[in-house]
Amino acid sequence: MEQELKTEATRKLILEKSFQQFYTKGFKPTSVNEIMKTTGLSKGAFYHNFKNKEELGVQVVKAELHDRIYKAMISPLYTEGEAKTILKNTFLDKFLAFTSDEKLMGCPLNNLINEIGGSPNLLNEALKDLINTWLNAVVETIERGHNDGSIKPETNAQQAAIYLVSSFEGMRGIRKLYNDDANWNAYRGALENYIDQL
């Protein structure tokens, strides 16, 4: 039992440090050696837990990135209340909560998609699964809005979900180019208006 706890703690540490390295440096440029240096563990500890860097990347998406996206953007959509208000609060509250560093570094999910997306591999599949989970939650929320009358029945839930998620992630990528929040704030206003019109 003690060995299992130690193994789980080692695995968690490697995942956390890997996430930080991938976020700041990118997936491809980050080596296993660099990751293990930040953990203070041996390279043997890495290979005891992961076959290779791709498997590590998949687990970072499934654990670290999934937890971040789920807590911030998915779980709030399942709270009780009027669907349109929940949708607006989820997107706008998170938008207002980003730190200066997060604005400059962009979204770790979006960064990884831009770096890895399109490659036929397990990491790409893990990214698609995470995006699909988010899209499905938004679709369900819009459909609840159809039922509670807060969202127009003619609103296409799938189209609106794709627009909301992709524009939100796109603005996070664009913000990395600027030293001020002018475009960021303009998008926030447009996002609020879009949700109001659903």
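**Entry 1. The annotated segment**

I began with the UniProt record, an unreviewed entry, which places a "DNA-binding region" at residues 31-50. The model I looked this up in is predicted. Over residues 31-50 I read 75% helix and 0% strand. The C-alpha atoms at the two ends of that segment are 14 Å apart.

The same kind of record, again unreviewed, gives "domain: HTH tetR-type" at residues 8-68. I checked that span too. Residues 8-68 are 80% helix and 0% strand, with end C-alpha atoms 20 Å apart.

**Entry 2. The whole chain**

I then stepped back to the full chain. How many helices and strands does the protein chain have? I counted ten helices and zero strands. Read from the N terminus, the order is α-α-α-α-α-α-α-α-α-α. The C-alpha atoms fill a box of roughly 55 × 40 × 30 Å along the principal axes. Of the 198 residues, 42% count as buried.

**Entry 3. T39**

I picked T39 as a point inside the annotated segment 31-50. T39 sits in helix α2, residues 32-39. Is T39 buried or exposed? The relative accessibility of T39 is 12%, so T39 counts as buried, the limit for that class being under 20%.

I also took a long distance from T39. To N183 the separation is 144 residues in sequence. In space, the C-alpha atoms of T39 and N183 are 38 Å apart.

**Entry 4. The cavity**

Next I searched for enclosed space. I found one cavity of 30 Å³ or more. The largest cavity holds about 70 Å³. Which residues line the largest cavity? I listed F19, F22, Y23, G26, V60, L65, P108, N111, L112 and E115.

I sorted that lining by element. Helices α1 (2-25), α4 (53-74) and α7 (108-116) each give two or more residues. Helix α7 gives the largest share, with four residues.

I sorted the lining by class as well. Seven residues are nonpolar, two are polar and one is charged. Finally I sorted by domain. Domain 1 (1-50) and domain 2 (53-197) each contribute at least three residues to the lining of the largest cavity.

**Entry 5. Aromatic pairs**

Two of the lining residues, F19 and Y23, sent me to the rings. Over the whole structure I found 13 aromatic pairs. F19 and Y23 form one of them, with centres 5.8 Å apart and planes at 35 degrees. I logged that pair as tilted, because only planes over 60 degrees apart count as edge-to-face and those under 30 as stacked.

What separates F19 from Y23 along helix α1? They are four residues apart, which means about one helical turn. I checked their accessibility next. F19 is at 8% and therefore counts as buried. Y23 is at 13% and also counts as buried.

I compared this with a second pair, F46 and Y47. Their ring centres lie 4.9 Å apart and their planes stand at 85 degrees, so I logged the pair as edge-to-face. Are F46 and Y47 buried or exposed? F46 is buried, with a relative accessible area of 0%. Y47 is at 46% and so counts as partly exposed. Both F46 and Y47 fall in the UniProt segment 31-50.

I also traced a cluster of rings. Ring pairs link F91, F95, F98, W134, F168, W184 and Y187.

**Entry 6. The largest pocket**

One ring of that cluster, F98, came up again when I turned to open space. The largest pocket holds about 160 Å³. Its lining has 13 residues, and the closest to its centre are R68, I69, K94, F98 and R172.

Which helix gives the largest share of the pocket lining? Helix α4 does, with four residues. Helices α4 and α9 (157-175) each supply at least two. By class I counted eight nonpolar, no polar and five charged residues in the lining of the largest pocket.

**Entry 7. Cross-check**

I put the two linings side by side. Helix α4 gives two or more residues to the largest cavity, and helix α4 also supplies residues to the largest pocket. The cavity lining has one charged residue, whereas the pocket lining has five.

How values were computed. Residues numbered from 1 in each chain as written. Predicted model: local features only at pLDDT ≥ 70, side-chain atom pairs only at ≥ 80, totals over all residues. Heavy atoms only, no water. UniProt positions renumbered as here; feature names shortened; annotations may be inferred. 1 Å grid on protein atoms, 1.4 Å probe; cavity = no way out; pocket = protein on both sides within 12 Å on 5 of 7 lines; lining within 4 Å. Points joined across faces, edges and corners; volume = space filled by probe spheres on them. Nonpolar A, V, L, I, M, F, W, Y, C, P; charged D, E, K, R; others polar. Domains from an automatic or database assignment. Phe/Tyr/Trp six-rings, centres within 6.5 Å; stacked < 30°, edge-to-face > 60°. Buried < 20%, exposed > 50% of the residue type's maximum accessible area, 1.4 Å probe, protein only.
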